[in-house]
Structures are given as C-alpha cells and as structure tokens.
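Me: I have just opened this structure and would like a friendly tour. Could you help me find my way around?

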Amino acid sequence: MNVAVRSHATAKQASEHFDVLIVGAGISGIGSAYHVTKQLPGTSYVILETQATFGGTWSTHRYPGIRSDSDLHTFGYSFKPWVGPPIATAEEILAYMNEVIDDNDIARHIRYKHKINSASWSSEQNLWTIEAVTTDTGETKTFTANFLWMCQGYYRHSEGYTPEWKGVDRFKGRIVHPQTWPDDIDLKAKKVVVIGSGATAATLVPNIADTCAHVTMLQRSPTYFRLGRNAIEIAEELRRLQVDEAWIHEIVRRKILFEQDAFTKLCLSKPEQVKKELIGQISAVLGPDYDVETHFTPSYRPWRQRIAFVPDADLFKGIAGGKASVVTDEIECFVENGIQLKSGKLLEADVIVTATGFNLSALGDIAFEIDGKPLAFGDTVTYRGMMFTGVPNMVWVFGYFRASWTLRVDLVADFVCRLLGHMKAKGSKKVEVSLRAEDHNMPILPWIDPENFNPGYIMRDMKLLPKRGDKPEWQHSQDYWTEKDEIPKTDLDDGAFVYG
C-alpha cells in the first residue's frame, strides 16, 4: 500500500489517514502490529486504545493475584520466547508486552485514551471513517483507513456481568466486581464471600485467604479445574543444557500444543475417564473425607466450558488448610450481614465479591455503518470467525476457548498480511466475503454450538454475534490444530472473496 499518513479536511475537522487502523492495544493489537511491521514494511498504521496504557485485560483487571489461566509458552507470541513460569502474573505479561513494543518501535503508533464511537464504510471512497473521542479532553478525532483490524477482545472492559439478586440494597457491607477492583478496599480480618466458580474466583480465593478472617467461594454449580506445578520440566531441562531460548520456546510450544490436542480429543471421546482424572486430582489434595461430589463434580462433560489451570493447587491447599471454604448453593437474597441461601443457610459477609463473569461486547460496542446503513453483526455470516458477509476491508480477532487466545492472533495476522499483499498485487481497493452459489442452501446457525461450548457470557448474548454455516470456511471452528494448517492454505481467489 505504501500510503503516507496524510490529513484530510472535512466539514468537522482534519482527519488522519492510515493504511491500517488497529482497534485495541491489548495482546491481540500489539501482536497484530508486530506482524504489520515485519510483513508489510512501509504500511502506515495506527492503534487506537481506550485505556491510558497498553495491555487490555492485563491492565484493566487489578484484583489480587490476577494471572493467566493459559500457559505463556502458547499464550506468548510465536515470535518472542517466554522465559518465565508458564502461568504468569499480569505484571509479568505486561513486562513481556512492553518488550515487544520497545523492540519493534510500536509505541509511536499507539494513541491512548481514544474511545471509538463509530465506524462507517464508504463504497464510493473505499474507506473506513472512524470517529473517536479522547477520554481525558472530550475532543473528537476522525481517522480514515483502508483496512480495519478489530483487536478489541470480546467483553466490555468498563463493567463486568452481575446478575440481579433480591435485597442487594439491604447489604451493609461492600460489594465489588473483580473487573473494577477498587484501590481502597481493605480485606484484613474481614469475612469475604466470592460468588463464582471460574478462573477469576479460583485465583482470587487463594490470594486473599491469608489476609481475610475467612473467604468462602459460593458457587451455584461446580466447574472443572486442572492442577499441576507452575513449571515445565522439559523447559527447565533445556535451560540447564543452555539451549537457546528461541529453540526452547518452539519445542515447549509444540509439546504443550500436542498434549492439549490429545486432551481435547480425550474429553470428547472418553469424557467419563477425563472427569474421573480431574476430580481425582482434587480429591488427592482435599482428602478422602471432603465432599468432592457436591462441590467439585460438574454435571456437564469436560470442556463444554473453559477448564482453569490451578498452579501448585493453591486454591485447594487453601481449602484443605481451613483458610477458605466452598459452598454450593443458590442465592435466595442478600441480607444486612450477608447472603441468605435457598437451603436456609445464612452466609455471613463483610465484603461480597461478584466474580460472575463478563458482558459480551460484539466488536467493541462501536456503532457500525455500511454505506449509511446501520450494521447488525447478528445478521452477517462469518468467514472462519474473521470476516463477515457484507462487511468490506475488515477482520476481527477472536481467539480460542480451548487453546491460548494468542495462537489465533498469529494465525489471523499472517492471513491479514497475506490478504493485503494479495489486494495490492491485484490492484484491489476492496475485499469482502460473500456466500457462493453452492452456499445458499447451507444451514445458518448460531455463532457456536451450545453442545460444544456454552459459557454464560456467550449464551446470554449469542444474538449479538455473527451466524455460522455448517462448512469449515463459514465458522469459527475453535479447533486450532486444524486451523493452523487450513488458514495458511486459504485460496484468496476462492469465490467467497469478492474484490473491487
């Protein structure tokens, strides 16, 4: 493309133009920027980020102990070796991302505190026009771009999901959501109840157990966990042998991905065996007298929801040591001094933490228009979970549920760079995907099959997401081990791609 940054006079104000506009400076946006820099030298690009700094989740989430629930050998980028423990803290991940930014001169391309309100495509100009507002001054900024790269994640950063409960106003203590953790909260000697059973709750509970008088994890139903050391033996051995870190990174990534693929297939083919092994790990820590049947035996098969890794069994060691406990029950209502459960039990609390999940954000809650007509993504069909019928010059990064998110960042980035290069070679200014003649009788289905994967945040707002077909190219398969071979082989002159 090699289009220099330039200003355009508009009726409103001057606008800046870029070949590529990346939305979000989180793990996806920074990784995508790296690939643009290396694969498309001379391409002008900008990253617009709502927050005051980079990092996305790892910057906005500040609750005690926040850490990855994927190993950093695969959650880290393919191009930069990870040299720390596989399960990393937010601080460690941010330091890693900062090195990527510094090493590749990405910082000068990032505009912080820029909240995008709208994105409009013009077929007449073959351009996106993006209207943003600076969150500190309220100034409106206008950008135009040939190509829009959505790297903003999948949930609303400004607020987490909190169910409606009766009597919340009666509670005399403090209620906080992990996604908006306050700096001034003091848990010392407090009775704390953490509502939830996912990775956030499993991280929070052991990290505040030593501070609180007692912490209770209140769950409506159990979830699956995997336990293990926060270390990779082969990585430790290779370091002892002084093998180059780039080699170690690639070897360990391949080993972990091989094992994840085998584990995922086993969950589908022999779910009862996997269930027994996962729960057996927990029983080994909690002892034979603990009621794992009630508290840690889910009703669904493994991998229908995400399985969190618990490093060094810290959650279960806290329970075994008496500093933490688990209650499996439903909430009747909040009362002045805690939570009244449907079983009749009163759970006393000074502080209640609602680790109850995300609010899904379809493409950043941005108001999209195509040639003046509002766009509803729920009316489109997705091409491999990246592009959408009727939406030109745009790609979305949506990662994996059963593998590290960043694996798809790299795959999609390679695809986008190849697509942009292909457009340049063809002399095309526009590309969109469209159902081919052979696709028009194809069943149109929800974004994901609930029988395959059904987390609450997806189920609550499935209507906001694009539809899928029953062919591999018209869905996000969530299968990295297939996509890593299929996406690089995509025929960019297939009839699904329409150039202009």
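What follows is a set of questions and answers on helix pairs, salt bridges and one glycine.

Me: Before we start, what kind of model is this?
Reply: Please keep in mind that the coordinates were not determined by experiment as far as this tour goes; the model is predicted.

Me: At roughly what angle do the axes of helix α1 and helix α11 cross?
Reply: Helix α1 covers residues 27-39 and helix α11 covers residues 405-426. Their axes come within 9 Å, and α1 passes α11 in a right-handed crossing. The axes cross at roughly 35 degrees.

Me: How many nonpolar, polar and charged residues make the contact of α1 with α11?
Reply: From α1 come I27, S28, G31, S32, H35, V36 and Q39. From α11 come W405, T406, V409, D410, A413, D414 and C417. Sorted by class, the residues of this contact are six nonpolar, six polar and two charged.

Me: Is α6 roughly parallel or roughly antiparallel to α7?
Reply: Helix α6 (residues 233-240) packs against helix α7 (residues 245-269) with the axes 10 Å apart. The angle is about 160 degrees, and angles over 145 count as roughly antiparallel. Therefore α6 is, relative to α7, roughly antiparallel.

Me: How many charged residues does the contact of α6 with α7 have?
Reply: On the α6 side are I234, A235, L238 and R239, and on the α7 side are E245, I248, I251, V252 and K255. Six of the contact residues are nonpolar and none is polar. The number of charged residues is three.

Me: How many salt bridges does the count come to?
Reply: A pair counts when a side-chain nitrogen of Lys or Arg is within 4 Å of a carboxyl oxygen of Asp or Glu. By this rule, the number of salt bridges is 29.

Me: Is K342, the salt-bridge partner of E330, buried or exposed?
Reply: E330 and K342 form a salt bridge with their closest N and O atoms 3.6 Å apart. E330 sits in the loop between β13 and β14, and K342 in the loop between β15 and β16, twelve residues apart. E330 is partly exposed at 39% relative accessibility. K342 has 51%, and because over 50% is the cut-off, K342 counts as exposed.

Me: How many residues apart are R384 and E486?
Reply: The side chains of R384 and E486 meet in a salt bridge with an N to O distance of 3.1 Å. R384 is in the loop between β20 and β21, whereas E486 is in helix α13. R384 is buried at 10% relative accessible area, and E486 is partly exposed at 30%. Along the chain, the separation of the pair is 102 residues.

Me: Which residues do salt bridges that share partners join into one network with K471 and D439?
Reply: K471 and D439 meet in a salt bridge at 2.7 Å, N to O. K471 lies in the loop between α12 and α13 and D439 in the loop between β23 and α12, so the pair ties together parts 32 residues apart in sequence. K471 is partly exposed at 22%, while D439 is buried at 0%. The network joins these two with R436, E438, E473 and D494.

Me: Which residues does G378 touch, not counting those up to four places away in sequence?
Reply: G378 is found in the loop between β19 and β20, and is buried, with a relative accessible area of 11%. Its C-alpha is 9.0 Å from that of P446, although G378 and P446 are 68 residues apart in sequence. The residues G378 touches are K463, L464, L465, P466 and K467.

Notes: Residues numbered from 1 in each chain as written. Predicted model: local features only at pLDDT ≥ 70, side-chain atom pairs only at ≥ 80, totals over all residues. Heavy atoms only, no water. Axes fitted to C-alpha atoms, helices over the stretch in contact; angles between N-to-C directions. Helix = DSSP H or I, 4+ residues; strand = E, 2+ residues; numbered from the N terminus. Left-handed = near helix turned anticlockwise from the far one by under 90°. Contact = heavy atoms within 4.5 Å. Nonpolar A, V, L, I, M, F, W, Y, C, P; charged D, E, K, R; others polar. Buried < 20%, exposed > 50% of the residue type's maximum accessible area, 1.4 Å probe, protein only. Parallel < 35°, antiparallel > 145°, perpendicular 65-115°, else oblique.
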